[in-house]
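Take a first walk through this model with the text below as a guide. Keep the sequence and the 3D view side by side.

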Number of protein chains: 2
Amino acid sequence: MNAGQQHIRGQAAMAPLSAQGSTARVRDPDATRHRILEAAFDQIYHHGYQGMRLDDVIAATGLTKGALYHHFANKLALGYAVVDEVIAGVIDQLWLQPLRASARPLAELTRIISELHQAAGHDLMTYGCPLNNLAQEMSPLDEGFRRRIDQLYLHWRKGLVEALDRAARIGELRPGVDTTRVAAFIVAALSGCIGMAKNSQRKDELLLCTRSLVEYLEQLRHA
Amino acid sequence: MNAGQQHIRGQAAMAPLSAQGSTARVRDPDATRHRILEAAFDQIYHHGYQGMRLDDVIAATGLTKGALYHHFANKLALGYAVVDEVIAGVIDQLWLQPLRASARPLAELTRIISELHQAAGHDLMTYGCPLNNLAQEMSPLDEGFRRRIDQLYLHWRKGLVEALDRAARIGELRPGVDTTRVAAFIVAALSGCIGMAKNSQRKDELLLCTRSLVEYLEQLRHA
DNA sequence: GTGAAAACAAACCGGTTGGTATGTACAATA
DNA sequence: TATTGTACATACCAACCGGTTTGTTTTCAC
């Protein structure tokens, strides 16, 4: 079954910590932990948290139970870590950083939304938004999950508010707009649009929905 | 453990089929099937399909495995039946019937949305929309679920389109509105709003979001 | 170099859970 | 009223799966 996977003895074994050399290390705890997290995210994204099997996670990494339970106390702790570390990174990379870097935040926002279907790849259509999936599944079941996911949503919306406020300052948005409320609606409506497309499995449904959302945003330009 | 639950011998045992007498029947297959479906819906709504335990379902009904597997081939068939029969009924009762019965469909639509938080009771805040929950969990995992849920969404949206068209005819809605697109957006945005409130567990978040949606609808009145 | 802790590997365990096999009481038909 | 299928109840099973225990190798501190 499991043909030789690891055991790639790196010749340079004197590197003290973390990835700095180019070759593979024999034992790199940080990298191992990272591999487990990535595999766990993948399983949760594709099967849900309750559907994730720890045996599948370690099979995907080529590690064993020993490694997994050395880095994480139990399945729940692994799930929490996926939210805090992996998913938080996705939001930061896909939303917050581009918005902060843009000179025209509102235009950038509508661009991200409009180009979602190609930017996020095929998985977005099939499996939807990782954060929303986990939220809908686990929020009612576990308070720990709910709080962490709530924190992430607040972080996301805070980034949107900053972008919208900046847009209002440079005249991209008409004054008097309740940016906090708009940000909340953007997140909610977008989650709904992605969820609908994920269910219908039709890309034009996603376009149909996001167009209404963009329309709503465009309308906020003028008085 | 299980103190006497059923075995309530009905004195009138000559009634041929289904509930017509007021007293409880000894054996009523239709009623039994209905009880199982209700309990299964409850479990799915509170724990998800994967989280539903058949032992909990039969415990809630006071029946046994024999009864369950007499009426349903397996867990999957039970899940399908919940979608087709129970959830479909909820949509019909909460949305389609009130819209059809109203003389002012758009006003009725905004009313339903605005009063969602009190109409659907406490469970909507805690557990969200039953259909959306199941869609987000099961659509990527099982094609049978996806198709049935998709059918339900189309049915729902079709009812909304009819209401919106009627609203346009009586002047409640401005002409030229793409009712198909608006209906899709309503369903998507509303699912997102409910999902967000379910995660934050704050009623004012639901109000905040639905207000934006109602605002969007109100804007469709005037040219 | 040496001891000790860290970073894994491998085998195992017990509760859970969907499903089945079998038995029995009821209900429609004749 | 005898008969036959329906509508359940009861007991049981095998696979799955999260978690543990134990053993081994690598790495770090001194």
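What follows goes from the two copies to the core, then to charges, rings and one loop.

This is a predicted model. Start with the two chains. Chain A can be laid on chain B by a turn of 180° and a shift of 0.0 Å along the axis. The RMSD of that fit is 0.0 Å. The two copies are thus related as by a two-fold rotation axis. Now look at where they meet. Of the interface residues of chain A, 100% are also interface residues in chain B, so the copies meet through the same surface.

Next comes the nonpolar interior. In soluble globular proteins, nonpolar side chains tend to be buried together. Here the largest nonpolar core has 140 residues. Which residues have the most contacts inside it? They are Leu109(A) and Leu109(B). Select Leu109(B) and look around it. Leaving aside residues up to four places away in sequence, Leu109(B) touches Trp95(B), Leu99(B) and Leu160(B). It also touches Leu164(B), Ile186(B) and Leu217(B).

Turn now to the charged side chains. Side chains of opposite charge can pair when their charged atoms come close. How many salt bridges does a search of the whole structure find? It finds 23 over all chains.

One of them lies within chain B, between Asp84(B) and Arg148(B). Their closest N and O atoms are 2.9 Å apart. This pair links distant parts of the chain. Asp84(B) is in helix H4, residues 75-101 of chain B. Arg148(B) is in helix H9, residues 143-169 of chain B. The two are 64 residues apart. Are these partners buried or partly exposed? Asp84(B) has a relative accessibility of 39%, so it counts as partly exposed. Arg148(B) is at 29% and also counts as partly exposed.

Arg148(B) has another neighbour to find. It lies over the face of Tyr80(B), at 4.0 Å from the ring centre. Chain A has a matching arrangement to look at. There, Arg148(A) lies over the face of Tyr80(A), at 3.9 Å from the ring centre.

Go on to another charged pair. In chain A, the side chains of Arg202(A) and Asp204(A) meet in a salt bridge, 2.9 Å from N to O. Arg202(A) is partly exposed, with a relative accessible area of 42%. Asp204(A) is partly exposed too, at 42%. In chain B, Asp204(B) and Arg202(B) form a salt bridge, also at 2.9 Å from N to O. Asp204(B) counts as partly exposed at 42% relative accessibility. Arg202(B) is partly exposed, with a relative accessible area of 41%. Salt bridges that share partners also build a network. It joins Arg202(A), Asp204(A) and Glu205(A) with Arg157(B).

Now pick out the aromatic rings. The structure holds 15 aromatic pairs over all chains. Why does the pair of Phe41(B) and Tyr45(B) count as stacked? The ring centres of Phe41(B) and Tyr45(B) are 5.8 Å apart and their planes are at 15°, so the pair is stacked. Both residues sit in helix H1, residues 29-47 of chain B. They are four residues apart there, and so are separated by about one helical turn. Phe41(B) and Tyr45(B) are both buried.

Compare this with Phe185(B) and Tyr216(B). Their aromatic pair is edge-to-face, with 5.1 Å from centre to centre and 65° between the planes. The pair links distant parts of the chain. Phe185(B) belongs to helix H10, residues 179-200 of chain B. Tyr216(B) belongs to helix H11, residues 203-219 of chain B. They are 31 residues apart. Both are buried. Phe185(B) and Tyr216(B) also form one aromatic cluster with Phe185(A) and Tyr216(A).

End at a loop. In chain A, Gln201(A) is found between helix H10 (179-200) and helix H11 (203-218). What is its phi near? Phi of Gln201(A) is near 60°, a positive value in a residue other than glycine. Gln201(A) counts as partly exposed, at 32% relative accessibility. In chain B, Gln201(B) is in the loop between H10 and H11. Phi of Gln201(B) is near 60°. Gln201(B) counts as partly exposed, at 33% relative accessibility.

How values were computed: Residues are numbered from 1 along each chain as its sequence is written. Chains are lettered from A and ligands numbered from 1 in the order in which they are written. This is a predicted model: local features need pLDDT of at least 70, side-chain atom pairs count only at pLDDT 80 or more; totals for chains, interfaces and linings use all residues. Side-chain values use heavy atoms; hydrogens and water are left out. A nonpolar core is a set of buried Ala, Val, Leu, Ile, Met, Phe, Trp, Tyr and Cys residues joined through side-chain atoms within 4.5 Å. Buried means under 20% relative accessible area, exposed over 50%, partly exposed in between (1.4 Å probe, protein chains only). Contact means heavy atoms within 4.5 Å. A salt bridge is a side-chain nitrogen of Lys or Arg within 4 Å of a carboxyl oxygen of Asp or Glu. Rings of Phe, Tyr and Trp (its six-membered ring) pair if their centres lie within 6.5 Å; planes under 30 degrees apart count as stacked, over 60 as edge-to-face and the rest as tilted. A charge sits over a ring if NZ of Lys or CZ of Arg is within 6 Å of the ring centre and within 35 degrees of the ring normal. Copies are superposed by least squares on the C-alpha atoms of residues with pLDDT of at least 70 in both.
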